[in-house]
Amino acid sequence: MEEWTYVEAEELESFRGNRACMTCNYFTYGVDISCRTLVACRLRQQQLVQGEHLTKQCKHWLPVWAQ
């Protein structure tokens with residue numbers, strides 16, 4: 001995941017509520033070699049800027065309970 005690029009800011013929109021990236025089925029996280037948390041989108045295979053996972057969403061948002 002470390003080598004993944006970042007999602008472009010214009011691909012995400014601000015959102016308040018339960019549809020933030022963190023509540024998306026594609027959301028994932030891990031750590032780098034320095035033990036820093038990385039947050040990312042598995043669908044796009046791109047990282048999210050720290051903090052954006054709490055307030056942003058994209059058109060591919062899918063609830064975590066949906067398969």
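This passage looks at the cysteines and at one buried lysine in a predicted model.

The cysteines make a good starting point. A disulfide is a covalent bond between the sulfur atoms of two cysteines. A search of the whole structure turns up zero disulfides. Cys24 helps to show why: its closest cysteine sulfur belongs to Cys41 and lies 6.2 Å away, which is too far for a bond, given that a disulfide requires the two sulfur atoms to be within 2.5 Å. Cys24 is also buried, with a relative accessibility of 9%.

Cys35 has another setting. Its relative accessible area is 64%, so Cys35 counts as exposed. Along the chain, Cys35 sits in the loop that links β2 (27–31) to β3 (37–41). From Cys35 to Asn18 there is a separation of 17 residues in sequence, while their C-alpha atoms are 28 Å apart in space.

Attention now turns to Lys56, a residue of strand β5 (residues 56–57). Lys56 is buried, yet it has no salt bridge. How far away is the nearest side chain of opposite charge? That side chain belongs to Glu52, and the distance is 4.6 Å, whereas a salt bridge calls for a nitrogen and a carboxyl oxygen within 4 Å. Lys56 does have a polar partner, however: its side chain and that of Ser14 are joined by a polar contact of 3.4 Å. Ser14 also appears among the residues in contact with Lys56 once neighbours within four places in sequence are set aside. The others in that list are Leu12, Glu13, Phe15, Arg19, Ala20 and Cys21.

How values were computed: Residues numbered from 1 in each chain as written. Predicted model: local features only at pLDDT ≥ 70, side-chain atom pairs only at ≥ 80, totals over all residues. Heavy atoms only, no water. Buried < 20%, exposed > 50% of the residue type's maximum accessible area, 1.4 Å probe, protein only. Helix = DSSP H or I, 4+ residues; strand = E, 2+ residues; numbered from the N terminus. Lys, Arg positive; Asp, Glu negative; His and termini not counted. Polar contact = N/O pair within 3.5 Å; in protein donor to acceptor, adjacent residues only side chain to side chain. Contact = heavy atoms within 4.5 Å.
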